[in-house]
Amino acid sequence: MPRTRRDVLASLAGVGVAGLAGCTALDAGESESESDDSALDAAALREVRELGSPAFPARVPAPIAESYLELSRARARELLDSVPETMSPEEVPNEGVRNVYAEAYADAAEAVAPSDTDESPFETLRGLRYARGAAAMAKGTYDAAVGDRTEADVRDEAAAVRADIESFRLGTRYLGDEPDRALVVYEAVENLVAAAVRYLDNAGEYGRYADSAPRVGELLDAVESARASLDGARHVRDRYLASIVTPVDFTDAFESTASSLAEIIADRLAEYPEVEGVDSTLEAEGFDAEELERTPAEDLLVETFVGFGSSVRTVSEGLRNGRFATALVGAHTAETHRRAFEEAVTAVKRGRYESVESAAAVRDAKLGALEALEAARSDESNPHLTRRALVDIAYMVGNGDDYLRDDYYEDGDPRAARNAVSEYATAEFAARETPAVSAWVLGTLAAERGGVGD
């Protein structure tokens with residue numbers, strides 16, 4: 001017997017969908033539900049929001065050690081504990097510097113404090129970069145204010161971290177056990193390394209302060225954040241490799257597959273009449289821009305097509321920078337959005353998403369997204385890559401919920417409902433395509449390896 005949407009919500013409750021108390025209205029009869037949700041009033045839309053959002057915490061298929069996380073926390077506490085809570089006017093006469101320091105210390109103390117949020121180990125690993133950086137901001141500001149550290153000192157530290165980053169990058173090959181898992185692990189490693197580089201680059205180009213103690217704090221923040229990101233990349237890679245008895249080298253296959261897929265998706269993008277915009281593409285598909293204006297259909301079509309084009313650029317950037325796992329995941333995202341766009345075109349031509357007449361329509365759109373996400377999550381053919389893609393897609397449901405917040409929505413204004421429906425619909429179409437695209441990416445990788453099995 002096919003599952004109803006009520007069945008889907010029940011199953012989602014067991015895998016981490018939060019706040020399902022609001023779904024009790026679904027248990028009422030259809031006529032009652034329709035009468036309750038016949039208008040776009042704030043109360044009815046609040047019930048849609050309270051259905052909850054799917055829990056897809058970011059994670060990596062490598063055994064992150066709690067001892068590593070505790071060492072990273074200890075590093076942040078050590079930095080903060082090495083400086084006083086306040087600066088005295090006697091040691092630092094400059095009131096502006098003292099005020100900046102007070103703010104920096106308070107931010108660091110909050111970041112270093114134990115968190116009660118329910119995070120995955122990988123999310124904790126990434127978040128500790130901020131705690132360490134915030135503590136370094138406070139320490140650098142204080143040390144510079146009392147004359148113990150200069151900007152030149154920190155720039156020397158930055159140069160050393162850059163050298164470590166480059167050494168790590170050059171020393172990393174794509175060794176793994178099976179392609180699905182290896183791809184997700186190394187994409188995470190590459191993202192951490194890229195973040196480390198960005199911290200240092202941004203510190204050199206942007207800053208709130210110049211020629212001052214807080215400027216030294218800013219730079220030390222960037223250096224420590226970069227160091228933490230590099231530490232995380234090294235830990236993920238090393239723990240993954242330690243879990244494998246006989247590693248397989250996927251380096252050549254990742255590079256050649258990324259190159260092949262980059263060419264394929266670039267050619268597919270070139271088939272559309274407008275690669276820098278959407279209007280010409282929608283006109284070529286037979287849509288009238290004025291008729292689409294201010295409809296959920298417009299945002300659905302635009303978001304899926306723009307997601308396709310921007311991901312094609314991500315792939316080319318990944319190839320250019322030697323980040324082949326990033327390029328492969330980018331190809332997955334690009335193809336997912338391309339297929340979602342084509343499916344959305346068909347749906348809109350059949351009259352869907354022309355308007356939002358009731359809160360019941362908004363609820364149906366959200367349930368469609370939740371159902372598609374759960375169906376994709378349940379597909380076990382390529383679980384690591386599929387779940388990695390779903391993390392980004394599930395975020396769209398939260399975006400839709402945000403449009404229904406009380407501080408955004410006002411009775412009589414259909415924009416909130418329209419925007420929410422377009423976000424939910426985009427999530428639904430993308431989630432539906434995800435397992436098949438995972439098979440396409442990994443199937444191409446297998447073909448590049450000469451058909452060698454996992």
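## A buried tyrosine with positive phi

Let's begin with Tyr353, which is buried, its relative accessible area being 10%. This tyrosine sits in the loop that runs between H14 and H15. Its phi is near 65 degrees, a positive value in a residue other than glycine. For context, most residues other than glycine have a negative phi. Please keep in mind that this is a predicted model.

Glu354 belongs to the loop between helix H14 (324-349) and helix H15 (359-378). Is Glu354 buried or exposed? Glu354 is exposed, with 53% relative accessible area, whereas Tyr353 is buried.

## The overall picture

Stepping back, the protein has 17 helices and two strands. It has 454 residues, and 50% of them count as buried. Its accessible surface comes to about 20900 Å², with 48% belonging to carbon and sulfur atoms.

How do the contacts spread along the sequence? Taking those between residues at least 6 apart, 84% join residues at least 24 apart.

## A negative patch

Which residues form the negative surface patch? They are Asp279, Glu283, Asp288, Glu290, Glu291 and Glu354. At least two residues of the patch come from helix H11 (279-284), and at least two from helix H12 (289-292). Glu354 joins them from the loop between H14 and H15. A residue needs over 30% relative accessible area to belong to a patch, and Glu354 has 53%.

Just after H12 there is another loop to look at. Arg294 lies in the loop between H12 and helix H13 (296-320). Its phi is near 60 degrees, again a positive value in a residue other than glycine. Arg294 counts as exposed, at 56% relative accessibility, while Tyr353, with its phi near 65 degrees, is buried.

## Salt bridges around Arg388

Side chains of opposite charge can pair when their charged atoms come close. In this model the count comes to 30 salt bridges. One of them is between the side chains of Glu187 and Arg388, with an N to O distance of 2.9 Å. This pair links distant parts of the chain, since Glu187 is in helix H8 (residues 179-205) and Arg388 in helix H16 (residues 383-402), 201 residues apart. Glu187 counts as buried, at 4% relative accessibility.

Arg388 also meets Asp392 in a salt bridge, at 3.0 Å from N to O. Here both partners lie in helix H16, four residues apart, which is about one turn of the helix. Asp392 is partly exposed, its relative accessible area being 44%.

## A pair within H14 and a wider network

Where do Glu335 and Arg338 lie? Both are in helix H14, three residues apart, about one turn of the helix. They form a salt bridge whose closest N and O atoms are 2.8 Å apart. Both Glu335 and Arg338 are buried.

## A buried serine between H5 and H6

To finish, have a look at Ser120, in the loop between helix H5 (95-112) and helix H6 (121-145). Why does Ser120 count as buried? Its relative accessible area is 8%, and buried means under 20%. Setting aside residues up to four places away in sequence, Ser120 touches Pro57, Ala58 and Arg59.

Key
Residues are numbered from 1 along each chain as its sequence is written. This is a predicted model: local features need pLDDT of at least 70, side-chain atom pairs count only at pLDDT 80 or more; totals for chains, interfaces and linings use all residues. Side-chain values use heavy atoms; hydrogens and water are left out. Patches are made of residues with over 30% relative accessible area and no salt bridge: like charges are joined within 9 Å, nonpolar side chains (Val, Leu, Ile, Met, Phe, Trp, Tyr) within 5 Å. Accessible areas come from the Shrake-Rupley method with a 1.4 Å probe; for residues, only the protein chains shown count as cover. A salt bridge is a side-chain nitrogen of Lys or Arg within 4 Å of a carboxyl oxygen of Asp or Glu. Lys and Arg count as positive and Asp and Glu as negative; His and the chain ends are not counted. The place of a charge is taken as NZ of Lys, CZ of Arg, CG of Asp or CD of Glu. Buried means under 20% relative accessible area, exposed over 50%, partly exposed in between (1.4 Å probe, protein chains only). Contact means heavy atoms within 4.5 Å.
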